[in-house]
Amino acid sequence: MTAPSGSTILVVDDNELNRDILTRRLQRSGHVVEVAEHGVRALEMMAATSFDLVMLDIMMPEMNGYEVLARLKADPRLQHVPVIMITAVDDEESIVRCIELGAEDHMPKPFNPALLKARVASSLAKKQLHDREQTYAAGLQRELDIGRRIQEGFLPEHLPEAEGWELRACFVPARQVAGDFYDAFPLPGEKIAFVVADVCDKGVGAALFMAIFRSLFRALAEQRFMVASPADAPSAALLDVVTATNDYIGRTHASANMFATVFFGVLDPVTGHIWYVNGGHEAPIILGAGGAERVRLAPTGPAVGMMPDLQFHVAEASLGVGELLVAYTDGVLDAHDAAGAMFGEERMLASARSSPASALDAIQRALADFSAGVAAYDDVTMLSIRRVGVANG
């Protein structure tokens, strides 16, 4: 194995002769070598300079090799730097201890030139591989960050406003990019469209399809509702939007096997009437003015995009003054605590009832407390619509 040329190596040994021998042999292999006469000086140098490898003697004044090794492996900035311990040829106990502390390898004294070259080459090759992995990971992270910012741009910057109504939303992705999304936008005739959806699977693939679904719903809704007669109920246009989206995904992207559960509603702020299609989604809940559950908006068709020509139908509901609709994805219910228990529907409803005027905030606080210290299992997305007064009509 050939060591990467031009590597920077730190030799740490209190014996000047050993330092000189190692320095000359390493320099002959094309490496840049610096030396430290004890462990304290070595740590100072590593804090100021980047090294590719450390050759570390065990028996030294000031601080022995075990202590230096332990400090290096405890420091997140330095723990990836390989360390070859310099040991006595028959000191098996010390070798085992060094490996347990995280040393990459050991080098017995007196130094065998061929063995030295091989072990240095092996350690440097592993360091080079680690550095490449870190560079790749950093590049991937940059790409995911770009994707996250682009995806955030798909979410509405502002929710529509209507006299006597409050619309609020919450979006907490479990990863850099998400398969969940929500949307809300005005329609002709002073109506408001609102969508909560969850694309199957997680990660980049789900995020890409999230963008497709969201864009189709927006574009088709603006087109279909624009040509619809103002005197007609939104049912036909709404059904057309969901059906057209389903057929496009089912035909064009059939091989991807991607689909989304979708709740797509249209609100008339004047009357409080809602037309909706629930494509296999968690049933949104309407809480009455007193906080009691009044009705659930159950599925009216399958998940969207599984295959073309699926059948959906439009259902209707209404919101009276003081009533609240909460739509959400399954990431809310499926959130886990440290013991593996799920947040569940009862906790969500209890949180919403405790503060109807700020239900999403209450649910978020309860979720944060419940899942404290546990990595997010799934995206969390919620949208609420609350009728706080009578709109002028």
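Let's start with a little knot of rings: Phe194, Phe263 and Tyr276 are joined into a cluster by ring pairs. Keep in mind that this is a predicted model. In total, the structure holds five aromatic pairs, and a couple of them are worth a look along with a meeting of two helices.

**Aromatic pairs around Phe217**

- Phe213 and Phe217 have ring centres 6.3 Å apart and planes at 35°, so this pair counts as tilted.
- You'll find both Phe213 and Phe217 in helix α6 (residues 203–227), where they sit four residues apart, or about one turn of the helix.
- Are Phe213 and Phe217 buried or exposed? Both are buried.
- Phe217 also pairs with Phe264: their ring centres are 5.5 Å apart and their planes are at 85°, so this one is edge-to-face.
- Phe217 belongs to helix α6 while Phe264 belongs to strand β9 (residues 260–268), so their pair ties together parts that are 47 residues apart in sequence.
- Phe264, just like Phe217, is buried.

**Where α3 meets α4**

- Helix α3 (residues 65–74) and helix α4 (residues 92–101) have axes that come within 9 Å and cross at roughly 15°.
- Angles under 35 degrees count as roughly parallel, and α3 and α4 are therefore roughly parallel to each other.
- As for handedness, α3 passes α4 in a right-handed crossing.
- Which residues do the meeting? From α3 come Tyr66, Leu69 and Lys73, and from α4 come Ser94, Arg97, Cys98 and Leu101.
- Sort the residues of this α3–α4 contact by type and you get four nonpolar, one polar and two charged.

Methods
Residues numbered from 1 in each chain as written. Predicted model: local features only at pLDDT ≥ 70, side-chain atom pairs only at ≥ 80, totals over all residues. Heavy atoms only, no water. Axes fitted to C-alpha atoms, helices over the stretch in contact; angles between N-to-C directions. Helix = DSSP H or I, 4+ residues; strand = E, 2+ residues; numbered from the N terminus. Parallel < 35°, antiparallel > 145°, perpendicular 65-115°, else oblique. Left-handed = near helix turned anticlockwise from the far one by under 90°. Contact = heavy atoms within 4.5 Å. Nonpolar A, V, L, I, M, F, W, Y, C, P; charged D, E, K, R; others polar. Phe/Tyr/Trp six-rings, centres within 6.5 Å; stacked < 30°, edge-to-face > 60°. Buried < 20%, exposed > 50% of the residue type's maximum accessible area, 1.4 Å probe, protein only.
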